[in-house]
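Visitor: I've got the model open and would like a close look at a single part. Could you take the aromatic pairs and walk me through them, then show me some packing elsewhere?

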6 protein chains.
Amino acid sequence: MKLLLVNPNISGSVSDLIANEAMRAASPGTQVEVVTAPFGVAYIETRFEALIGAYAAAQLAAEHHERFDALVVAAFGDPGLAGLREALPIPVTGMTEAALATAHLLGHRISIIAISQRIQAWYREVVEAYGFGSRLASIRALDRPISAIGGVQQEHADALQSLAQRAVEEDGADVIVLAGAPLAGLARSLEGRLPVPVVDGVSSAVRHAETLVALKPGRARAGSFAPPPAKPNQGLAPEMQKLLSLHNHP
Amino acid sequence: MKLLLVNPNISGSVSDLIANEAMRAASPGTQVEVVTAPFGVAYIETRFEALIGAYAAAQLAAEHHERFDALVVAAFGDPGLAGLREALPIPVTGMTEAALATAHLLGHRISIIAISQRIQAWYREVVEAYGFGSRLASIRALDRPISAIGGVQQEHADALQSLAQRAVEEDGADVIVLAGAPLAGLARSLEGRLPVPVVDGVSSAVRHAETLVALKPGRARAGSFAPPPAKPNQGLAPEMQKLLSLHNHP
Amino acid sequence: MKLLLVNPNISGSVSDLIANEAMRAASPGTQVEVVTAPFGVAYIETRFEALIGAYAAAQLAAEHHERFDALVVAAFGDPGLAGLREALPIPVTGMTEAALATAHLLGHRISIIAISQRIQAWYREVVEAYGFGSRLASIRALDRPISAIGGVQQEHADALQSLAQRAVEEDGADVIVLAGAPLAGLARSLEGRLPVPVVDGVSSAVRHAETLVALKPGRARAGSFAPPPAKPNQGLAPEMQKLLSLHNHP
Amino acid sequence: MKLLLVNPNISGSVSDLIANEAMRAASPGTQVEVVTAPFGVAYIETRFEALIGAYAAAQLAAEHHERFDALVVAAFGDPGLAGLREALPIPVTGMTEAALATAHLLGHRISIIAISQRIQAWYREVVEAYGFGSRLASIRALDRPISAIGGVQQEHADALQSLAQRAVEEDGADVIVLAGAPLAGLARSLEGRLPVPVVDGVSSAVRHAETLVALKPGRARAGSFAPPPAKPNQGLAPEMQKLLSLHNHP
Amino acid sequence: MKLLLVNPNISGSVSDLIANEAMRAASPGTQVEVVTAPFGVAYIETRFEALIGAYAAAQLAAEHHERFDALVVAAFGDPGLAGLREALPIPVTGMTEAALATAHLLGHRISIIAISQRIQAWYREVVEAYGFGSRLASIRALDRPISAIGGVQQEHADALQSLAQRAVEEDGADVIVLAGAPLAGLARSLEGRLPVPVVDGVSSAVRHAETLVALKPGRARAGSFAPPPAKPNQGLAPEMQKLLSLHNHP
Amino acid sequence: MKLLLVNPNISGSVSDLIANEAMRAASPGTQVEVVTAPFGVAYIETRFEALIGAYAAAQLAAEHHERFDALVVAAFGDPGLAGLREALPIPVTGMTEAALATAHLLGHRISIIAISQRIQAWYREVVEAYGFGSRLASIRALDRPISAIGGVQQEHADALQSLAQRAVEEDGADVIVLAGAPLAGLARSLEGRLPVPVVDGVSSAVRHAETLVALKPGRARAGSFAPPPAKPNQGLAPEMQKLLSLHNHP
């Protein structure tokens, strides 16, 4: 099985973190590959940056999906995921969606630990759009500057652990989600140091993508995740054009 | 006062409908201008198409906003609106947001009349994301093919009126929203033919944009609609780069 | 265009604040007039006082509406508004409804700054009844005695600004609503001193009332805001009787 | 124990129905008395009529409460109830609130059977304001003219029973509430003819009022149901003035 | 009238508290009897313990119900209640359900005071399952060890009162519910010492059970509280077998 | 890896269906074992039957868990799951929880196809308790008698497929969940015959249980899924006693 992880941001250092955790999490026989956005920002904290990341993810997916069995949008917040689920002929998930699925299987109330104050509003909206608002105990976030996005989990390990601890004690969290691709792998290194289960988006997405491939639930030909209906388009990259026309031959 | 209406789709015929209704609705002294997406699809029905439209709207806004006092995303579903509200230094609204504001001032339960079956799921998600789910009486939509997107309101006028009538009688609608830029102006031509108030997205957006300019409520420097924080970016069009750096000089 | 603002309370000093802000906010060509309740209390903080204010607003509306193009219930909490929307043949809005419409166009999460602790429960219920509960970041209120209701914004200006600041920093507010007719005009004098957009109920109501008149959305003849069905009544003031019979001649 | 039932409408025939069911439902030793509004409408179907009924209920309560141990607002929709709970020194409930309490004790999903199409929107808003929206299976209502409000349960008995039957079969109702003072006593006469428990508002209110008196839970001196704070008032009936000043001597 | 109160736990000392408060609360002519679980735990704080208590309550109910007019599940959290309402031919309520009904009749926002930190999550889930989530101001709980479950209200009286006081002042509670059978009777002894109405689960359940018997609303033969459909069973105690077959003879 | 699937009902024929689908779904190297309740009913449709099944599941889990890496409650509705997650030292999931996780990864709105009309209310409550109410498009169910519970998928295959088709066309389902252990494996045999993805509870639970074991998220020592606190118990089976004391040695 071959999985494509799409980093909708331009940070190669974060792509490395993603690749490392994906390889640790994958089942024997699963190959993972990470591609990095050629345009966009270093990491997404806002709706405007998410809009850019979504388009970059779509371009990457259009270009590369044909060689893979499933695709993962490898940024917390899942920019472009819902659209790609319509357009792609393979299963697709994202770090937030997959982390919520894992957390749902481990407890009831979920807290998310994030890397910046600003990022919280966007995360909250994404979680609520998935219908998980009533499961969200809290979002807690670092309130200090980040020197280098690829090094945030080393630089702020203690602060992140302390935020998680407070989420359990003060917010009633049953499960902790460490959010954001820059934190990929941190759950693994915190093993045993938090009093509740800890969830990582990348490893969750890899495992759940494998499950979707294995279960063969079938592709949507109706409902709101069927491919977009055929209609005129213009000015798009050839791969995007091809993706839009892929399913429109009845 | 100068208002920019951004059509995130490639249909010039729809831009004409938008421009005509915007001019009819604008106050004396307000100038309106409509720009059309150079890339994308004919009209948006799905999340994937909305993702493309959002990026197109962002590009157009980045390129043109400096000459205007306020901006309107002129597609129902408001692709890109929340992101643009963060990034732009002027007020911005969209057809769905503005139509909901008007409907909120006219009654409690709102029905939306739409141009295709497929479009309903996306509209519902947008309305719910605005927190208006409990106000939504129903979405009803045409279930027949559309010959030309610019002519849908002429071609299907009776069917659209009949859907609105059923929304009042069967779904308990207090207010009808005629949804989608291709229906711009239809509310005006249905005047007096429906038993409840009827709302048009374009005229609502024009009037509310004027109100936002007039009230001078102030620009967000904090909260989740402050400009995106400064961070590295690459590969973006110069106008997008400029927009991202606009507010980042403390 | 002529707008009637109905103060459902007996405080002439508050009516003056309302009139001054309404005149500042109105478009050229719009005339505003404020009437004050002949019976009731100085200002409304509770459901019982709102019940009295609603009846006073209805009496004033019945008596005066014929000379106006639209009507505004000029107390936060909108006592009587939903009933008057059924009964009156002209558009009607209120300070809370209008302030929420403006805030909806400016950001996602809204905080309300109020003049007394006691008033908060009633405000919350009104906001939730409009379906805006999920948009409400917080209500924060003064906790000190008010010497004179007409002077509260001068007397407590700093405390009010400080409450707004905390709502942004601690509650995640994207927009601040300064609530209550006694605060009419305060948003204008705070311009530039808060880091998020600030909304005033009176100016919002005046502008949105103008919009409703301009858009001509049509009067409800069906749905839950159609005029009350004809039926026996007794003991009412002649204007109320007339209002109840106004629309009952098919 | 003495209970006052306040009919906020002018229909003496409905007051008779209320009195008869109240006497049948009361415990030994409980005396009931019904007073009828001197002004208002024949029965309430709309928010505007509810506004009038609320004021009438307040006047009657102010005038008569001193001789009673508890008070019931005897119209479905409970006009004025929340305000009276603040102002009165005795327990107070209403037909909707009490019927929902009984239904809550009998099953999960509740359907309401009502006497007119128009009345449904108002009932729904009241039920949702009590937080019972998620318990509401449906509201079903007669769609035929009512000859005389006091005779609606005789005139339309079969249609009402049939609506209840459909609510069970099609809407998943566990419990039926027969709504509206004009239906007082109908539940009793339908005994055994519906396949789920049937609730009457008047008998529920009488029994629950007795319970509130018996349990002596204490009067609110804080929270949102404490008496309204002292402040200037004018133009009110002497009994209303007295009620407003009753609790304001610290 | 004869009421059975089922203590789903093994603590005889708590059964005594229940019996004492039930007798104080019962109307003249009502007899109450309390039975104690022969198996289970001392008191329920978790979902796993509730699962055991539910089965014990079912066994006790199956064994004893025939001699009674109504049954009360006498543990806060109501283990087994919804199932017993299906299976038993008599009215049944529980301490949480009944306390919420009383609180609903006394105010809008409700705080629950509980005996342990751990118990809060379970209580919250039960309250939300009843649809009362939007009415819940807070749950506050003791955070100290309990020496003997039957003596908790004496041992921690001041701490419990202080928690209630804070719920009013900080959480906006209109009504306090003192939760858990070990607190039965505490509301009575706190009379006049809290500034809002205080509700006790046992006395509420006794009074509401009496009301259900008096109102004769009828037994469910359809809907989701009709008796379980006939089907094979094995390995159950004879009383449980009898209960399952009781209603299955058409 | 060894997985235990607990059938909380007495039907050996259903245990066979569960075992067969579990073996088809399991990864290479995973062993599955199914145990059947020694007491209880043939299948669960009601809250009362679920109460019995939960206790049976707890007994089986207490007796057998030590030999396994994870446990699955193999009845839709997940009787006992939340309690077992507290008490067991290994990961545990259930058919509903796992099916919802899979469906969440495949689309937004979910319809559940069930084997009897009566079962729907219980399923709905379980789905809502997981916070998935807003994702639930509909529950549709067979309305015909079941000859033998182990043969329902053969006997009613066409009717079940037709219900699923209607859920897509009329209810807006993006994903179909075939609910109930008696339908285990049906999704596999319907492959390609429905226009949206189809989810099976057993295969979902097996795969997700494997994922939970692989991810090693850690065991709850705090939060609401920590083991129940130590306290007196009596009358329980030795395995249950042992389970209650398992984690109580600090």
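Guide: Here is a walk through the aromatic rings, followed by a helix pair and one alanine.

A bit of housekeeping: this is a predicted model, where local features need pLDDT of at least 70, side-chain atom pairs count only at pLDDT 80 or more, and totals for chains, interfaces and linings use all residues. Residues are numbered from 1 along each chain as its sequence is written, chains are lettered from A and ligands numbered from 1 in the order in which they are written, and side-chain values use heavy atoms, with hydrogens and water left out.

Searching the whole structure turns up 30 aromatic pairs over all chains. A pair here means rings of Phe, Tyr or Trp (its six-membered ring) with centres within 6.5 Å; planes under 30 degrees apart are stacked, over 60 edge-to-face, and the rest tilted. One of them is E:Phe39 with E:Tyr55, a tilted pair with 6.4 Å centre to centre and 50° between the planes. This pair ties together distant parts of the chain: E:Phe39 sits in the loop between β2 (31-36) and β3 (40-41) of chain E, while E:Tyr55, 16 residues apart from it, belongs to helix α2 (residues 47-64) of chain E. Helices (H or I, at least four residues) and strands (E, at least two) are DSSP runs, numbered from the N terminus.

E:Phe39 has 11% relative accessibility, so it counts as buried; E:Tyr55, at 5%, is buried as well. Buried means under 20% relative accessible area, exposed over 50%, and partly exposed in between (1.4 Å probe, protein chains only). Another tilted pair is E:Trp122 with E:Tyr123, at 5.6 Å centre to centre and 40° between the planes, and both residues are buried. Over in chains A and B, A:Phe39, A:Tyr55, B:Phe39 and B:Tyr55 form one aromatic cluster.

Now for the alanine: D:Ala62 lies in helix α2 (residues 47-64) of chain D, and its 6% relative accessibility makes it buried. Leaving out residues up to four places away in sequence, D:Ala62 touches D:Glu239, D:Met240 and D:Leu243, where contact means heavy atoms within 4.5 Å.

In chain C, some helix packing: C:Ile18, C:Glu21, C:Ala22 and C:Ala25 of α1(C) meet C:Val202, C:Ser203, C:Val206 and C:Arg207 of α9(C). Finally, two chain pairs with no contact: chains A and D have closest C-alpha atoms 15 Å apart, and for chains C and F the closest C-alpha atoms also lie 15 Å apart.
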